[in-house]
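Open the model in a viewer with side chains displayed. The stops below can be selected by residue number.

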Amino acid sequence: MPESVSVRCPVCRRAHLYAAPVYPCACGAPVAPPLDPHAPATPVTHRSWDEEWVTVRCAACDRPAPWPHPALGCTCGTVLRVPVTEADCAPQDTPPAPVRPPFQPVTIRTARDAVTAAALYLRWLGHRDVRRADTRPPSGIGLAAPGLLARVDPAVRPGDARDVECLWLTALAESRACVYFTLAGYTDEARARADALGVPLFVLDLTGTPQPVNDHADTFAA
């Protein structure tokens, strides 16, 4: 578990004991933003997109990814932004990478085949209990496994930036990593948004083999 630090509200001077929330990296390792116990917390007077996120590097896979900036609500009503350090986050109880046999794809002829191919690929990577997700995406099919949310989109249109953001926000709300599979590829805006948010993107070819589209997908498949 991440260490707790004492956070004092500069408005009412109350002291709080605070621990940063732990999120799953795309590699499966738990990651927590490293708190700076020596820097003071600052009241949040206005919100902007850039200030709501902090880049944290996972020590298990060396992957930098944006995470919500730690924040604390004081009993006086002030929202405090808790300072973080630039130190890497150490993984907790990270299992060794398994040795895998070659992936055995299934030919894609229908939308159901695309979902089956993605599920088989996730199981091949070591994700257990892959099933239909409880939360249905705006389009396509959702798959879930412990610590992971996947979206499989067999539509003929490329995935766009909004699709990537919806998947990432849903996974964040459920404290899961996420991964996206499509048959039709992605727009340039979707790729840029996925790179910024740390979302692995794959394209399913007709043999049923997922092909990584960005660096996050390469790391996810490694």
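The tour covers aromatic rings, then a hairpin, then backbone angles.

This is a predicted model, in which local features need pLDDT of at least 70 and side-chain atom pairs count only at pLDDT 80 or more, while totals for chains, interfaces and linings use all residues. Residues are numbered from 1 along each chain as its sequence is written, and side-chain values use heavy atoms, with hydrogens and water left out.

**Aromatic rings**

A search of the whole structure finds eight aromatic pairs. Rings of Phe, Tyr and Trp (its six-membered ring) pair if their centres lie within 6.5 Å; planes under 30 degrees apart count as stacked, over 60 as edge-to-face and the rest as tilted.

Select F103 and Y121 to see one edge-to-face pair, with 5.3 Å between centres and 85° between planes. F103 sits in the loop between β9 (79-81) and α1 (111-124), and Y121 in helix α1, so the pair ties together parts 18 residues apart in sequence. Helices (H or I, at least four residues) and strands (E, at least two) are DSSP runs, numbered from the N terminus.

Are these two residues buried or exposed? F103 is buried at 16% relative accessible area, and Y121 is buried at 5%. Buried means under 20% relative accessible area, exposed over 50%, and partly exposed in between (1.4 Å probe, protein chains only).

Keep Y121 and add F202: this pair is also edge-to-face, at 5.5 Å centre to centre and 65° between the planes. F202 lies in strand β14 (residues 201-204), 81 residues apart from Y121 in helix α1. Like Y121, F202 is buried. Extend the selection to F103, Y121, W124, F181, F202 and F220, which form one aromatic cluster.

**The hairpin**

Go to strand β1 (residues 4-8), where V5 and V7 make up the covered face and S4, S6 and R8 the uncovered one. In a regular strand the side chains alternate between the two faces of the sheet.

Add strand β2 (residues 15-19), which runs antiparallel to β1 and is joined to it by five bridges; strands pair if DSSP finds at least two bridges between them. R8 has A15 of β2 as its bridge partner. Six residues lie between the strands of this hairpin, where R13 takes a positive phi near 70°.

**Other positive phi values**

Most residues other than glycine have a negative phi. Select D129, whose phi is near 55°. D129 is in the loop between α1 and β10 (131-132) and is exposed, at 59% relative accessibility.

Finish at S175, with a positive phi of about 55°. S175 is in the loop between α2 (161-173) and β13 (177-182) and is partly exposed, at 39% relative accessible area.
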